[in-house]
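Colleague: I have a chain to go through with you. Can you put it up?

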Amino acid sequence: MANDQHGSHRLRNLALSLLVSGGFLYLAFRNVKLDELGAALGRVNASWLLLAVVVSLLIMVFRAWRWQLELRPLEHLPLGRLWVISSVAYLAINLLPVRLGEVVRPWLLSRRSNVSFSNVVGNIVLEKTVDLVVIVFYILVGLLTISALPPWVRPLALFPAVAASILVSLVLLFWWKGEIFIDRWVAGRLPQRFGSRLKGVLASVADGMPVIPNTGLLLAVFLVSLTLWFLPILSSYIMIRAFDLNVPFSAALVVFIFIGFGTALPNLPGMIGPYQYACQLALGLFGVSEVDGLAYGLVLNAVQFLTLVAQGLCALPIAGVSLADIRKAGDDVKLQGMAAH
């Protein structure tokens, strides 16, 4: 029964993703002639394109570096090992359903270090919180400084800002008073066996956030996160130069903001559809034609997606796993309720 429900849930998600991606692809291509699109794609400058590839490759290095800082209070791990695990995880996120990559990171690291699965889950919760804060920071910078944005965009910033504030508060409360809450409101309402197990897992998750009281290390994580999320903006601007578009650097920040809103919707692997239409809309605010905006979105998306996939494929044999192993690991973790470790 559980397998049937899980299968029907996957089918619904796939159908919704196809509908959303297909709808946005239609919007992106509806006014574009294919011969004009081909001509626009042919104008891309190879040197700038190569630089965009290099910047996109650096994103995974910074992800691994930040993770190394986050995990330092638990265990000092080599940067190369964390790059391998991160690359495999993000490959899974982009190629497999239901974001299995978020399961792959704790699964792989717990097999290759002394850090437990639940510790890594706590670390990832903290990491996602920092990510959301940094992304909201860049969104607010763009909304407050760029006059070209339409009025309807600015109120949208309230949603991620409120979400970030709530998530930060919940994470800090969980780390500070989580054990008391679990004892009083959760564990006591369950059979002793399950309550004790849940208490142990959640305590281990909280133990995966030791970077919080370390002010210097937490600041370092935040600064690396700022750099990490600046790289996609820089890559967007480099691609603007590759297409020789006459727009300012702020256009790259608008592209980042629009992509963030667009890809928050359900979509196919590679964010196909919402990504291209978001680029088209963002650059259209600066007078870029729909043809050039679509060509830009196609190439930028391809660079970011293919560099990620290439790194993941290179890392798979180093990690000693296959995509089939990753799918099985995801299913096993779900069946065990993520409490096996």
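What follows is a chat about the fold and one helix pair.

Modeller: Keep in mind that this is a predicted model.

Colleague: Fine. How many helices and strands does the chain have?

Modeller: There are 13 helices and 0 strands. Along the sequence the pattern is therefore α-α-α-α-α-α-α-α-α-α-α-α-α.

Colleague: What share of the residues is buried?

Modeller: Of 341 residues, 45% count as buried.

Colleague: And the surface, how much of it comes from carbon and sulfur atoms?

Modeller: They supply 67% of the exposed area, which is about 16,600 Å² for the chain.

Colleague: Back to the fold. What part of the contacts with a separation of 6 or more is between residues 24 or more positions apart?

Modeller: Those pairs account for 74%.

Colleague: Now H4 and H12. At what angle do their axes cross?

Modeller: Roughly 125°, with the axes of H4 (residues 79–95) and H12 (residues 290–319) coming within 7 Å. That angle makes the two helices oblique to each other.

Colleague: Left-handed or right-handed crossing?

Modeller: H4 passes H12 in a left-handed crossing.

Colleague: Which residues meet there?

Modeller: From H4, Trp83, Val84, Ser87, Val88, Tyr90, Leu91, Asn94 and Leu95. On the H12 side they meet Phe305, Leu308, Val309, Gln311, Gly312, Leu313, Ala315, Leu316, Ile318 and Ala319.

Colleague: How many of these are nonpolar, polar or charged?

Modeller: The contact of H4 with H12 has 14 nonpolar and 4 polar residues, and no charged ones.

Notes:
Residues numbered from 1 in each chain as written. Predicted model: local features only at pLDDT ≥ 70, side-chain atom pairs only at ≥ 80, totals over all residues. Heavy atoms only, no water. Helix = DSSP H or I, 4+ residues; strand = E, 2+ residues; numbered from the N terminus. Buried < 20%, exposed > 50% of the residue type's maximum accessible area, 1.4 Å probe, protein only. Contact = heavy atoms within 4.5 Å. Areas by Shrake-Rupley, 256 points an atom, 1.4 Å probe, with all protein chains shown as cover. Axes fitted to C-alpha atoms, helices over the stretch in contact; angles between N-to-C directions. Parallel < 35°, antiparallel > 145°, perpendicular 65-115°, else oblique. Left-handed = near helix turned anticlockwise from the far one by under 90°. Nonpolar A, V, L, I, M, F, W, Y, C, P; charged D, E, K, R; others polar.
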